Each structure stands twice: as C-alpha cells, then as structure tokens.
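Please open the model in your viewer and keep the selection panel at hand. The tour below moves from one selection to the next and says what is there.

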Amino acid sequence: MTTPLLEVWNLCASYGRAQVLFDLTFRLHQGEVLALVGRNGAGKTTTLKAIMGLVSASAKQATFKGKSLAGLPTYKIARLGLGYVPEDRRIFTDLTVEENLETGRRPAPAGRSPWTPERLFRLFPNLAEMRGRRGNQMSGGEQQMLTIARTLMGNPDAILLDEPSEGIAPVIVQMMAEAIRAMKAEGVAVLLSEQNWAFAAGISDRACVIERGEIRFQGSMDELMADEALRAETLGV
Ligand SMILES: Nc1ncnc2c1ncn2[C@@H]1O[C@H](COP(=O)(O)OP(=O)(O)OP(=O)(O)O)[C@@H](O)[C@H]1O
C-alpha cells in the first residue's frame, strides 16, 4: 500500500477532566474511504474534531502528507489539504448554491486540476438543478451536499465527513453515497463518521469500530460484514 495521507498514533482526547478517546491508531490512504462506526456517544465526532485541532487532544504522532499536525490551528490543518464537514451544515443561507461554492474556492496544488462548480455539478447533479437557489430554500440533505461540494472547492486531498447521512431523506442519502463514490474515484480520501451502518457499509473500503472511545476492530469492510457477532455487540446491527 502507498504511504498514508493521514496517520494518527495513540490519539487521546478529553472534555475537561473526562477522557473520551483512548489511544486510537489508524491510517487513511489516498483515495480510500475509511468509516468510523460506533454507537451514539462512542467518540466518532470527537475523533474528527481532535484531528482538526478542535478539542483538547494529544497524539503520539499525527501527520498529514508527512507533516506533523501537532499544535497547528484548524485553519492551517485545512490548508494542508484536509477538509472538514461537521455535522451541522455550514452554508450561507442568503447566498445561492453557486455563490456558496465560490466562497470555498482555493487554488489547487501544482499539477492537479482544480474543482470547479461545473465539475462539482457532475458529482452532485441535484445541486446543478438548483444552482441559482438560495441556501435557505434547500432541504437539510441538499444543504449537506452543498457543504461537501463547497469543501471540495478548496481542493483537499482528504475530507473528514461527520455523519453526512444523518436526518436526511433516503433519496438524498442515495445521492450522497453516489457522490462519495465519485469523489473517491477522483482520488479524494474520506474519513467518514457514521451511525448509519447500511450507508457506511455501502461506500467504505475499511472500517474502525469505536466503542467507548477505543478501537474494537479495524479491518476491511468485508471482514466486518462477515463478523455478525462483533457487529451485533458493538453496533447493534
Ligand atoms: N462538548 C462536550 N463536552 C463534554 N462531553 C462531550 C462533549 N461532546 C461530546 N462529549 C462526550 O464525549 C463522548 C463522545 O462523544 P462524540 O460526540 O464524539 O460521540 P459520537 O460517536 O460522535 O456520537 P454521536 O453519534 O452522538 O455524535 C460522549 O460520551 C459525549 O457525551
């Protein structure tokens, strides 16, 4: 396998005096989808926040494209090429779809063709149909897709996606799955935090099962699919 894009060793995180992540170690490779799955409160969101420098955390080592993330503010981590789409949709509701996309535009690294609205509309065909619509006239799922598309306008190498399927209509969940597959085909790596097992299983190459802040399983999605006892115990599916 290639050198990992994102590498995290012994990641620990706390809220005040309460430790919620315990020695998480995993790697994300270029163009793969790695799912963090686990029950409510297992620590998935905190893992993504810890990587982005948004919660108090320590890791023996955390690197992205070989560069240490230690002590970097969130915006510098993003500028290294690590996009982050939090659970709450962060679009500008007064701006149109196209205007929202423009707010995310950043130059592509040398030698890579940049994402453009037109290219993104091929990935998210439903956004193409509403390019002139303002954010406040979009459903939650459409806003979520727009948030992902806007993050891609920054030309990241990888994206951390926090529960993208949560609370959105099944038809949009389906479109989201297709868009994530297409992103992967374009070489973007995805670290996905998900409670929706069917969604995660349908799009991910590998999985980490998190239980009470610890990794209980790490391996291919096929292996996890085959281990019914582990899934029942840790995920209830
Ligand atoms: N701001 C906070 N302050 C204190 N404790 C928190 C805070 N946010 C999360 N926690 C706690 O940290 C633990 C992990 O929460 P986290 O949100 O990372 O889990 P999760 O797996 O993402 O769950 P969910 O699917 O509900 O988002 C939980 O016990 C939660 O109660």
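## A tour by selection

Begin with strands S5 and S6, bearing in mind that the model is predicted: S5 and S6 (residues 67–68) pair in the antiparallel sense over 2 bridges. The two strands form a hairpin with 2 residues between them, and in its turn Lys65 has a positive phi of about 50°.

Next, show the side chains of S5, which covers residues 61–64. They alternate along the strand, with Ala62 and Phe64 pointing to one face, where they are buried, whereas Gln61 and Thr63 point to the other face and are not buried. Keep Thr63 selected and look to both sides of S5: in S6 the bridge partner of Thr63 is Ser68, while Glu7 stands opposite Thr63 as well. Strand S1 (residues 6–15) pairs with S5 in the antiparallel sense over 4 bridges.

Stay on S1 and select Asn10, which has its place in that strand. Its phi is near 50°, a positive value in a residue other than glycine. Most residues other than glycine have a negative phi. Asn10 counts as partly exposed because 14 other C-beta atoms lie within 10 Å, a count between the limits of 12 or fewer for exposed and 20 or more for buried. Then move to Asp23 in strand S2 (residues 18–28), where phi is again positive, near 55°. Asp23 has 13 C-beta neighbours inside 10 Å and therefore counts as partly exposed.

Now select the ligand and display the residues around it. Which residues surround the ligand? They are Tyr15, Val20, Gly38, Asn40, Gly41, Ala42, Gly43, Lys44, Thr45, Thr46, Ser193 and Gln195. Colouring this shell by residue class gives 3 nonpolar, 8 polar and 1 charged. Helix H1 (residues 44–51) gives the most to the shell, with 3 residues.

Follow H1 along its length. The helix is mostly covered, with 7 of its 8 residues buried, namely Lys44, Thr46, Thr47, Leu48, Lys49, Ala50 and Ile51. After H1 comes Gly53, whose phi is positive, near 75°.

From Gly38, in the shell around the ligand, draw a distance to Ala108: the two residues are 70 apart in sequence and 34 Å apart in space, C-alpha to C-alpha. Ala108 is found in the loop between helix H3 (97–103) and helix H4 (117–123). Leaving aside residues up to four places away in sequence, Ala108 touches Ser113, Pro114 and Asn155. With 16 other C-beta atoms within 10 Å, Ala108 is partly exposed.

Finally, zoom out to the whole protein, which holds 10 helices and 11 strands. Its C-alpha atoms fill a box of roughly 45 × 40 × 35 Å, taken along the principal axes. The radius of gyration is 17 Å, which agrees with the value near 18 Å for a compact globule of 237 residues. Buried residues make up 41% of the 237 residues, and of the contacts with a separation of 6 or more, 70% are accounted for by residues 24 or more positions apart. If you colour by confidence, the mean pLDDT of the protein is 95, and 100% of its residues reach 70 or more. For the complex, the predictor gives an ipTM of 0.96 and a pTM of 0.96.

Terms used. Residues are numbered from 1 along each chain as its sequence is written. This is a predicted model: local features need pLDDT of at least 70, side-chain atom pairs count only at pLDDT 80 or more; totals for chains, interfaces and linings use all residues. A residue is near a molecule or strand if its C-beta atom, placed from the backbone, lies within 6 Å of it. Ala, Val, Leu, Ile, Met, Phe, Trp, Tyr, Cys and Pro count as nonpolar, Asp, Glu, Lys and Arg as charged, and the others, Gly among them, as polar. Two strands pair if DSSP finds at least two bridges between them. The radius of gyration is taken over C-alpha atoms; the globule rule is 2.2 Å times the number of residues to the power 0.38. Two residues are in contact if their C-beta atoms, placed from the backbone, lie within 7 Å. pLDDT is the predictor's confidence in each residue, from 0 to 100.
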